[in-house]
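Colleague: I am new to this structure and would like a close look at one part of it. Please keep it brisk.

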Amino acid sequence: MVPERAARGARARHAVVPLSGPPPDFSVVVPTRGEAASLLGLLDALARQTLDPTRREILIAFDGAAPAPAVRERLRTLGARAIEGGERRGPGAARNRAAAVAQGTWLAFTEDDCEPAADWLERAAGRIGRDPALGAFEGATTTPAGAPVRRRDGDLPTHLPTNFFVRRDLFERVGGYREDFFDAARGVYFREDSDFGFTLEEAGARVAFDPVVRVTHPAEHPRFLDPLRWARRYEMDPLLQRRHPRRFRERIEVARVGPFRVRRVVLRASFAYLIALAAGAAAWLLGEEGLAAVFLIAAALALLPLALKWRFRPARLLLAPAVPFVLAAALLRGTARARRLGDAAPRGTPATP
């Protein structure tokens with residue numbers, strides 16, 4: 001569903017509440033699957049905000065879920081609104097639904113497992129006051145240990161929706177989040193944040209990074225099977241590459257090692273593993289046991305970047321040999337999907353699947 005249709009549907013189901021005064025500075029927008037424990041923690045963090053409550057509204061967009069009774073009561077006491085949808089359509093669609101009924105001058109995006117600092121909105125207001133020409137900006141998202149959640153290239157924004165601010169009129173002008181970075185059949189979503197950020201940049205918006213606007217995010221991928229779930233998300237890479245080829249090449253998974261820029265280390269290591277494994281199997285079938293052993297050693301060495309990504313945790317090491325297969329299958333599926341969707345829609349608006 002395109003953002004314009006989502007907006008009309010959201011307005012029909014959730015009438016805009018008439019304002020008795022000026023519009024709030026911020027509409028805090030949070031997509032959620034309705035996990036009560038994490039959502040209640042976020043709401044507590046929003047209740048601690050030092051910014052005057054009259055300067056913000058809180059919109060919680062439920063994606064294929066409904067608020068639990070405790071959550072609904074907490075929303076009521078906080079003066080927050082539940083934006084309830086029907087079927088699950090992904091976080092991008094949930095954000096679009098909430099944005100369609102937002103009244104703030106700025107949309108402030110975070111997620112339901114995050115903990116914004118108490119001065120999150122106050123510091124964001126300060127940045128806006130110092131830089132009124134700004135179209136959007138990203139704050140710092142770190143783990144509880146203080147490490148950045150996503151590797152950053154200098155001060156370039158990564159457009160993480162855990163801590164991202166955009167003028168509402170600019171959001172509407174570029175069409176919001178593209179909703180087909182979500183595969184409903186598999187429940188996979190990825191890269192809708194990068195696509196939205198790149199669309200803002202291509203529209204000429206000034207997008208900055210501000211490290212003093214802070215949000216804490218739990219350590220990612222804590223469960224045993226998360227490496228395989230992580231690999232499945234790469235289904236969305238071909239669509240992002242199709243829409244933003246230059247920025248995809250220059251900005252997605254680019255690391256600096258001294259004076260060098262290294263691209264997509266884990267992806268390349270995964271393909272090196274698969275090629276070495278196939279070559280080893282072929283050599284063994286041809287009776288070249290020595291050559292097969294060399295290729296198998298090369299395959300094992302290619303797994304090192306994956307082991308490093310998962311910090312050599314023993315349980316994750318068991319899954320490392322399976323990750324390249326899942327990743328390759330996801331990319332093949334995503335390439336076919338990107339071709340099917342095509343690029344018929346203007347950049348910044350979704351193609352209709």
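Colleague: In which helix do R246 and E250 both lie, and how many residues apart are they? Please start there, then take me closely through helix 7 and its surroundings.

Modeller: A word on the source first: this is a predicted model. R246 and E250 both lie in helix 10, which spans residues 245-251. They are four residues apart, about one turn of the helix. Their side chains meet in a salt bridge, with 3.2 Å from N to O. R246 is partly exposed, at a relative accessible area of 43%. E250 is partly exposed too, at 32%.

Now to helix 7. It covers residues 192-202. Ten of its eleven residues are buried, so the rest of the structure largely encloses this helix. The buried residues are E192, D193, S194, D195, F196, G197, F198, T199, L200 and E201. Charged residues are among them, including E192 and E201. Let us take those two in turn.

E192 belongs to helix 7. Its relative accessible area is 5%, so E192 counts as buried, the limit being under 20%. What does E192 touch, leaving aside its neighbours within four places in sequence? The partners are P91, G92, R95, Y177, R178 and F181. With one of these, R95, the link is a polar contact between side chains, at 3.2 Å. In another direction, P211 is 19 residues from E192 in sequence. In space, the two C-alpha atoms are 22 Å apart.

E192 also helps line a cavity. Rolling a probe the size of a water molecule over the atoms shows where empty space is left. Here the count is one cavity of 30 Å³ or more. About 40 Å³ of space lies in the largest cavity. Its lining consists of R89, G90, P91, G92, A93, R178, E179, F181, F182, Y189 and E192. Several of these names should be familiar. P91, G92, R178 and F181 were given above as contacts of E192, and they appear in this lining as well. Which helix gives the largest share of the lining? It is helix 4, residues 91-101, with three residues. By type, the lining holds five nonpolar, two polar and four charged residues.

Next comes E201, also in helix 7. E201 has 16% relative accessibility and therefore counts as buried. Its side chain makes a polar contact with the side chain of R247, at 2.7 Å. Beyond residues up to four places away in sequence, E201 touches P157, H159, V207, R247 and R251. After helix 7 comes G204, whose phi is positive, near 90°.

Step back to what comes before the helix. R191 sits in the loop between strand 9 and helix 7. Its phi is near 70°, a positive value in a residue other than glycine. R191 is buried, at 5% relative accessibility. It forms a salt bridge with D237, and the closest N and O atoms are 2.7 Å apart. R191 lies in the loop between strand 9 (188-189) and helix 7, and D237 in helix 9 (residues 237-243), so the pair ties together parts that are 46 residues apart in sequence. D237 is buried as well, at 1% relative accessibility.

Why might such residues pair? Side chains of opposite charge can pair when their charged atoms come close. The count for this model is 31 salt bridges.

One more example is R130 with D210. Their closest N and O atoms are 3.8 Å apart in a salt bridge. R130 lies in helix 5 (residues 120-130) and D210 in strand 10 (residues 207-216), so this pair ties together parts that are 80 residues apart in sequence. Is each partner buried or exposed? R130 is exposed, at 59% relative accessibility. D210 is buried, at 4%. The two also belong to a network of salt bridges that links R127, R130, D131, R206 and D210.

Finally, look at R264. It has a positive phi of about 50° although it is not a glycine. R264 lies in the loop between strand 12 (260-263) and helix 11 (265-285). Its relative accessible area is 6%, so R264 is buried.

How values were computed. Residues are numbered from 1 along each chain as its sequence is written. Side-chain values use heavy atoms; hydrogens and water are left out. On a 1 Å grid over the protein atoms alone, a cavity is a set of points where a 1.4 Å probe fits but cannot get out, and a pocket is an open set with protein on both sides within 12 Å along at least five of seven lines; lining residues have an atom within 4 Å of a point. Grid points are joined across faces, edges and corners, and a volume is the space filled by probe spheres set on the points. Helices (H or I, at least four residues) and strands (E, at least two) are DSSP runs, numbered from the N terminus. Ala, Val, Leu, Ile, Met, Phe, Trp, Tyr, Cys and Pro count as nonpolar, Asp, Glu, Lys and Arg as charged, and the others, Gly among them, as polar. Buried means under 20% relative accessible area, exposed over 50%, partly exposed in between (1.4 Å probe, protein chains only). Contact means heavy atoms within 4.5 Å. A polar contact is a pair of N or O atoms within 3.5 Å; within protein, one must be able to donate a hydrogen and the other to accept it, and residues adjacent in sequence count only if both atoms are side-chain atoms. A salt bridge is a side-chain nitrogen of Lys or Arg within 4 Å of a carboxyl oxygen of Asp or Glu.
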